[in-house]
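This report concerns a single protein model. The sequence and structure are shown first.

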Amino acid sequence: DEGTYTFTVTGACTGVQNITVYNGSTSITDDTTPTNYDNIQHDFNNVKLGSTSTLATFTITNNGTAALGVTSVAVNDATNFTVVTQPASSIAAGASSYFTVVYNPTTDTQHQTYITINNNDPTVAEQAYQFEIQGNAIAPEIQAYHTSAVIGNVINTGGTRAFGSVVLGGNAAQTLYIGNLG
């Protein structure tokens, strides 16, 4: 038969990480079902097919009391969207780091995808922090002009351009200008 033992346990909290993501000054909510595309957090709007959009910058802030580890930032549709700049792999408590994304459409349609930020936030649901983005590709559109690329000189679809009187076997030349409105 043992007697009663009294002992003291002590410890120290080493801190907790806490991820928050921003698009500008707007906080982005972690989306647990990003494939629904019902909560778009950034729209690249219209971008010419074969071109690249301007950079979209997203900020990861660690509101916790310990360093936040970021293992990767990736887009689900890497064909039409690219993560250009990765954030720091370790973000100190109270600090921020950013990453950038561009839209570079390869097909003429609207593209929607989601970004995943893998990190060590202790909230399990936030360890793969996800949100939705989209862009719309604009296809090239041809426009013909009479004498210069000026709106008043447009040759409308189905329109004609007269060459005047030309002697049989003779030549008549005209210069037409082609523009891309896409």
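The text below covers the strands, the nonpolar core and a few individual residues.

The model is predicted, so local features need pLDDT of at least 70 and side-chain atom pairs count only at pLDDT 80 or more, while totals for chains, interfaces and linings use all residues. Residues are numbered from 1 along each chain as its sequence is written, and side-chain values use heavy atoms, with hydrogens and water left out.

**Strands and pairing**

Strands are DSSP runs of E with at least two residues, numbered from the N terminus; two of them pair if DSSP finds at least two bridges between them. In an open, five-stranded sheet with mixed pairing, the order is β3-β10-β9-β5-β7. Because β3 and β7 (90–91) stand at the edges with a single partner strand each, one side of each is left without a neighbour in the sheet. Within this sheet β5 and β9 run antiparallel and are joined by five bridges, and V70 has N119 in β9 as its bridge partner.

Strand β4 is antiparallel to β1, with five bridges, and antiparallel to β8, with six bridges. In the pairing with β1, Y22 has T59 of β4 as its bridge partner; in the pairing with β8, T57 is matched with T100. Five of the seven residues of β4 are buried (under 20% relative accessible area, 1.4 Å probe, protein chains only), so β4 is largely enclosed by the rest of the structure.

**The nonpolar core**

A nonpolar core is a set of buried Ala, Val, Leu, Ile, Met, Phe, Trp, Tyr and Cys residues joined through side-chain atoms within 4.5 Å. The largest one here has 24 residues, and F58, F99, V101, I115, I117, F131 and I133 have the most contacts inside it. At least two residues of this core come from each of β1 (19–23), β3, β4 (56–62), β5 (68–75), β6 (81–85), β8 (96–103), β9 (110–119) and β10 (128–138). Contact means heavy atoms within 4.5 Å; not counting residues up to four places away in sequence, I115 touches ten listed partners, among them F58, V73, F99, V101, F131 and I133.

**Two buried polar residues**

D30 lies in the loop between β2 (26–28) and β3 (40–48). D30 is buried yet has no salt bridge (a side-chain nitrogen of Lys or Arg within 4 Å of a carboxyl oxygen of Asp or Glu). The nearest side chain of opposite charge, K48, is 35 Å away. Beyond its neighbours within four places in sequence, D30 is in contact with A125, E126, A128, Y129 and Q130.

N80, in the loop between β5 and β6, is buried, with a relative accessible area of 6%. Leaving aside neighbours within four places in sequence, its contacts include V102, Y103, P105, T106 and H111.

The table lists polar contacts of D30 and N80 (pairs of N or O atoms within 3.5 Å, one able to donate a hydrogen and the other to accept it; residues adjacent in sequence count only if both atoms are side-chain atoms).

| Side chain | Partner | Distance |
|---|---|---|
| D30 | backbone nitrogen of Q130 | 2.8 Å |
| N80 | side chain of D77 | 3.0 Å |
| N80 | backbone nitrogen of T106 | 2.8 Å |

**Positive phi values**

Most residues other than glycine have a negative phi. Y37 has a positive phi, near 50°, and is placed in the loop between β2 and β3. N45, in strand β3, also has a positive phi, near 60°. Y37 is partly exposed (from 20% to 50%), with a relative accessible area of 23%, and N45 is partly exposed at 46%.

Notes:
Helices (H or I, at least four residues) and strands (E, at least two) are DSSP runs, numbered from the N terminus. Lys and Arg count as positive and Asp and Glu as negative; His and the chain ends are not counted.
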